[in-house]
Amino acid sequence: MGRGKVQMKRIENTVHRQVTFCKRRTGLLKKAKELSVLCDAEVGIIVFSSHGKLYDLATNGSMEGLIERYMKSSGGAQNSSDEEANKPRESEEDISMLKQEIQLLQKGLRYIFGGGAGNYMTIPELELLEKHLEIWIHHIRSTKMEMMFQEIESLKNKEGILKAANEYLQGKVEEEFGIFEIPPVMAEIPYQLTVPGEILEYS
């Protein structure tokens with residue numbers, strides 16, 4: 001005769017409940033060990049009886065180590081999800097701030113160049129525009145100085161290359177003249193000695 005279907009509800013009889021608890025607990029721990037061996041998995045089980053007695057099982061290592069690993073894993077996943085959730089918010093805030101700066105700059109340009117009679121700026125807006133302009137001017141000057149330093153370094157490198165080329169050419173010229181150098185020679189030029197009545201030539 002087959003075993004009947006067990007109803008999923010609390011067993012009222014204390015003895016039957018205790019017997020069922022012991023059997024199911026033993027079967028659960030056995031299945032956990034089988035799962036760990038067959039699948040090379042780390043399994044941790046914590047069970048408290050109705051009387052508050054603790055039964056636990058850690059298939060690999062200790063329960064403390066398994067719990068610590070679980071806390072790190074779940075905490076890291078939570079932090080990662082929080083960071084992913086905050087990224088869109090931060091991006092939206094950056095975009096909103098950038099839009100405000102652009103609108104303020106456009107309004108300031110219209111105000112400076114007289115773009116319409118209704119174009120009016122309050123003192124706080126002017127102060128904010130002044131602050132942004134100071135920041136932008138600082139960035140522009142920094143970029144300009146950096147470009148100038150790069151140009152100076154480039155000119156220095158070119159100067160060094162030209163100097164090295166000049167020294168090389170001078171060396172080649174000195175080498176050529178050293179090989180084909182001809183010592184100076186006094187050429188004998190004939191001259192005439194005039195004597196009254198005749199001409200004498202000497203060499």
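What follows is a short chat about salt bridges in a predicted model.

Modeller: Ground rules: this model is predicted, so local features need pLDDT of at least 70, side-chain atom pairs count only at pLDDT 80 or more, and totals for chains, interfaces and linings use all residues. Residues are numbered from 1 along each chain as its sequence is written, and side-chain values use heavy atoms, with hydrogens and water left out.

Colleague: What makes the contact between Glu42 and Arg69 a salt bridge?

Modeller: A salt bridge needs a side-chain nitrogen of Lys or Arg within 4 Å of a carboxyl oxygen of Asp or Glu. Glu42 and Arg69 come in at 2.3 Å, N to O, so the pair fits that definition. Glu42 sits in the loop between H1 and strand S1 (44-48) and Arg69 in helix H2 (residues 63-112), so the pair ties together parts that are 27 residues apart in sequence. Helices (H or I, at least four residues) and strands (E, at least two) are DSSP runs, numbered from the N terminus.

Colleague: Why is Arg69 called exposed?

Modeller: Exposed means over 50% relative accessible area, buried under 20%, partly exposed in between (1.4 Å probe, protein chains only). Arg69 has 52%, so it counts as exposed. Glu42, at 41%, is partly exposed.

Colleague: How do you know that Lys72 and Glu68 form a salt bridge?

Modeller: Their N to O distance is 3.7 Å, so the cut-off is met. Both lie in helix H2, four residues apart, about one turn of the helix. Lys72 is exposed at 61%, while Glu68 is partly exposed at 47%.

Colleague: How many salt bridges does a search of the whole structure find?

Modeller: Four.
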